[in-house]
Structure formats: C-alpha cells, structure tokens
Amino acid sequence: MTRTSAVAALILNVLYCLLVLALLLWVFHWDRVSIIVVALLLLAVIIIPGFFILRPQTQWAQDYTITSYGARSQGQLTVPVPVSELPRLVERACAQDAKLGLRELDAQGGRISVGITFSSWGARVRFPLRPVSETASQIVATSRPRMPLEPSDRARSEGNLSLLFRGVAREAERTHTSMT
C-alpha cells in the first residue's frame with residue numbers, strides 16, 4: 001500500500017468524471033458556459049479531496065499502528081503468541097464481529113471481506129502472518145475498497161483494520177493470560 005495506489009484511484013476517478021461529463025454533453029447539448037461550470041465543479045469535488053488523500057495519516061494505538069492514504073490503509077499488530085497460534089486467534093476475532101467476513105485463512109495469512117454499506121461498495125482486507133520470534137508474531141494487514149474509483153474513505157478503511165487488530169489483540173491477551 002503506497003501513495004501510488006491512492007494516486008491511481010484519484011486518476012481513475014477523474015477519468016470517470018470526465019467520461020460522465022462527455023456523456024452529459026452528448027445527451028443534453030449544453031452551451032459553452034454550462035460545460036465550463038460543470039467541469040470546474042467536478043474537478044473541485046475530485047481534486048480538492050485528492051490533495052488530502054495523498055498525505056499519509058497514521059493512527060497509533062497501544063498494540064498497533066495504521067497508516068492511511070485515502071481509502072487505502074495498512075497496519076501492523078505484534079502479539080505475544082507464536083505464529084502457529086495466530087490463525088486460531090484471527091478466526092475467533094472474526095467470529096466475534098459479524099462485519100469481518102473471514103473468506104480465507106491458513107498458516108501464512110488470510111483474507112477478509114467487509115460487506116457493502118449505504119456509502120461504500122465494501123472492502124477487502126488481506127494479511128500475512130509473520131513470526132517475530134518463537135513467542136511473538138505479527139500481522140501486517142492492508143485494507144482496500146472493492147471499487148477502485150473510491151479515493152477517500154479513510155475512516156472506514158482504518159476501522160476495518162482496527163476491528164481486526166483489536167479482536168486479535170483481545171484474543172491473544174486471553175490466550176496469554178490463560179497460559180500463565
């Protein structure tokens with residue numbers, strides 16, 4: 001997840017809006033002033049928020065860190081459990097929150113699908129599971145919108161990763177306290 005994917009989404013969004021503008025011009029045969037006004041409004045609605053998505057924003061919590069470029073976020077969580085225990089913790093964390101639809105999970109990582117809402121086409125969360133040491137492991141998760149034209153929805157993207165990380169951290173804490 002880099003700034004490049006956010007720029008690509010912004011470019012796709014501009015191209016989409018230009019296509020819609022061309023279609024409107026073809027259908028309604030507007031005059032020159034109307035064309036300029038609509039084009040400027042479309043560009044203002046797309047470009048101004050575009051500047052905000054190109055600047056990364058980082059959220060720090062006690063156990064994890066999440067960096068976002070618009071609707072694309074990447075974060076990492078380190079937990080004090082061996083990597084062999086991590087798939088079970090992820091499965092339990094996803095089972096406790098219906099929003100996190102676990103689609104695929106194995107010893108190397110997994111994939112979560114977040115459903116469609118009133119304001120979003122949903123998101124895809126992918127995460128590899130990595131060993132840090134014999135007694136600690138790490139999840140590096142990436143959340144992206146299903147619709148590549150969606151350039152900004154940082155709160156939803158960060159929320160997806162926060163739900164996953166908080167759930168796994170909670171399950172790791174339960175496992176860690178039951179072992180001691």
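**Close-up views of the predicted model**

**View 1. Strands E6 and E7 pair in the antiparallel sense.** Seven bridges link E6 to strand E7, which spans residues 137-145. This is a predicted model. A hairpin of five residues carries the chain from E6 into E7. One bridge sets Arg124 opposite its partner Arg144 in E7.

**View 2. Strand E5 also pairs with E6.** E5 covers residues 109-114, and E6 covers residues 123-131. Their pairing is antiparallel and counts six bridges. Val114 faces Ala123 of E6 across this pairing.

**View 3. A nonpolar patch lies on the surface.** Its members are Val7, Ile11, Leu12, Leu15 and Leu18. Together they offer about 410 Å² of accessible area. Ile11 belongs to helix H1, residues 3-28. Why does Ile11 count as partly exposed? Its relative accessible area is 47%, and the partly exposed class runs between the buried limit of 20% and the exposed limit of 50%.

**View 4. The whole chain holds four helices and seven strands.** From the N terminus, the order of elements is α-α-β-β-β-α-β-β-β-β-α. The chain has 180 residues, of which 37% are buried. About 10300 Å² is exposed, with 62% of that area supplied by carbon and sulfur atoms. Among contacts with a separation of 6 or more, 59% join residues 24 or more positions apart.

Key: Residues numbered from 1 in each chain as written. Predicted model: local features only at pLDDT ≥ 70, side-chain atom pairs only at ≥ 80, totals over all residues. Heavy atoms only, no water. Patch = residues over 30% accessible without salt bridge, like charges linked within 9 Å, V, L, I, M, F, W, Y side chains within 5 Å. Areas by Shrake-Rupley, 256 points an atom, 1.4 Å probe, with all protein chains shown as cover. Salt bridge = Lys/Arg side-chain N within 4 Å of Asp/Glu carboxyl O. Helix = DSSP H or I, 4+ residues; strand = E, 2+ residues; numbered from the N terminus. Buried < 20%, exposed > 50% of the residue type's maximum accessible area, 1.4 Å probe, protein only. Contact = heavy atoms within 4.5 Å. Pairing = 2+ DSSP bridges.
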